Amino acid sequence: HFFTMGASANVNAFFGIATMIIGVPTGVKIFNWLFTMFRGEVRFSVPVLWTLGFIGTFAIGGLTGVLLAIPPADYVLHNSLFLIAHFHNVIIGGVVFGVMAGFNYWFPKAFGFRLHEGLGKAVFWCWFFGFYLAFMPLYALGLMGATRRMQHYSDPAWQPYMIAAFCGAVLIFVGINLNLVQVFWSIYKRKELACGPDPWNGRTLEWSTSSPPPPWNFAVEPTVHGIDAFWEMKKAAVNPGGGNPYEAQVNGRPAYASIHMPKSSSVGFIAAFFSALMGFALIWHIWWMALLGVLAGIGVLVVHAWNMDRDTDIPASELEAFDRAHPGYGAK
């Protein structure tokens, strides 16, 4: 949007070049992601599908962004549907697809059961095909001169593209609803979908803890010998049970010691609520509500500052009991 604001040609040239340079680290990231999978055993599970969809879609969004970084081209394409397609190419491809990959990947760690795989793949394909059907025609429409925020359009040649985009939006809507079905069905079938601490045959130490994880990280600090510590431990069969081997031991047993932890607190949520209340009030000039939000937020933080009972110690016996209740995690 900057290029059409009336700045000088020199300023536009400087910012145009600077915007194009962004493509260099972006290209490095894309090659980094691709070479992460190079020569690996890629299993097309739901998180991997979302990741692959993210890489391709984000790359296309980045390439169209380079086009908009050229000031003369931006003068033509500004406020057109080409800009809308580019923006959604980056935001949906670079944010939504990535978030969905992480959501499906980390869900079993947080809740102890996996999301339904079949429904997850249906969600992905609805989103993937729906996205390209919805937004690729907008690139063509933008080049034809179609602007955004139109109440109606008078060129009949645009109608097939508009209908295709509408069909894509409907397919995305189906994907959104399937995602809700996937979550609720997985919760309903959570006993059948229950998984151990390592559902993805992970490489890093977080997959050596129970799912869902305890309030602490590790009952005994693990000894790490490499980058992918848990993978190396499994390869070396240090602990055939699949858990995290505790090398710090006393008389052949893990050296448990109490862990100092903060107590759970709702102060952050309450303070955020009053901050949101203050922001809403300032937008609409509701001064009494804004003052209430400020005073209440400060009051919550002051009360919390004077609260000295904010820590607790988890005894070693509780840590050992937890380990023994979760086979393959720690103590045997």
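Count the salt bridges here and you get five, where a salt bridge is a side-chain nitrogen of Lys or Arg within 4 Å of a carboxyl oxygen of Asp or Glu. A word on ground rules: this is a predicted model, so local features need pLDDT of at least 70 and side-chain atom pairs count only at pLDDT 80 or more, while totals for chains, interfaces and linings use all residues. Residues are numbered from 1 along each chain as its sequence is written, and side-chain values use heavy atoms, with hydrogens and water left out.

Take Arg203 and Asp228, whose side chains meet at 2.9 Å, N to O. They sit 25 residues apart, both in the loop between H7 and helix H8 (229-235); helices are DSSP runs of H or I with at least four residues, strands are E runs of at least two, and both are numbered from the N terminus. Arg203 is partly exposed at 39% relative accessibility, and Asp228 is partly exposed too, at 23%. For those labels, buried means under 20% relative accessible area, exposed over 50%, and partly exposed in between, using a 1.4 Å probe and protein chains only.

Lys263 pairs with Asp309, with the closest N and O atoms 3.0 Å apart. That salt bridge spans 46 residues, from the loop between strand S3 (259-262) and helix H9 (267-283) to the loop between helix H10 (287-305) and strand S4 (311-314). Then there's Lys189 with Glu192, at 3.5 Å from N to O. Lys189 is partly exposed at 22%, whereas Glu192 is exposed at 63%.

Now for the greasy side of things. The largest nonpolar core, meaning a set of buried Ala, Val, Leu, Ile, Met, Phe, Trp, Tyr and Cys residues joined through side-chain atoms within 4.5 Å, has 33 residues. Trp50, Leu81, Trp127, Phe135, Leu138 and Leu141 have the most contacts inside it. Helices H3 (46-68), H5 (81-111), H6 (117-144) and H7 (159-188) each give two or more residues to this core, and H6 supplies the largest share, ten. Leaving out residues up to four places away in sequence, Trp127 touches Trp50, Ile92, Val96, Phe97, Ile172, Gly175 and Ile176, a contact being heavy atoms within 4.5 Å. A second, separate core of nine residues includes Val220, Tyr256, Met261 and Leu319.

Finally, look at the N-terminal end of the numbering. Helix H1 (residues 9-21) packs with helix H2 (residues 23-37) at about 10°, their axes 5 Å apart. Thr19, Met20 and Ile21 in H1 meet Gly23, Val24 and Pro25 in H2.

Terms used
Axes fitted to C-alpha atoms, helices over the stretch in contact; angles between N-to-C directions.
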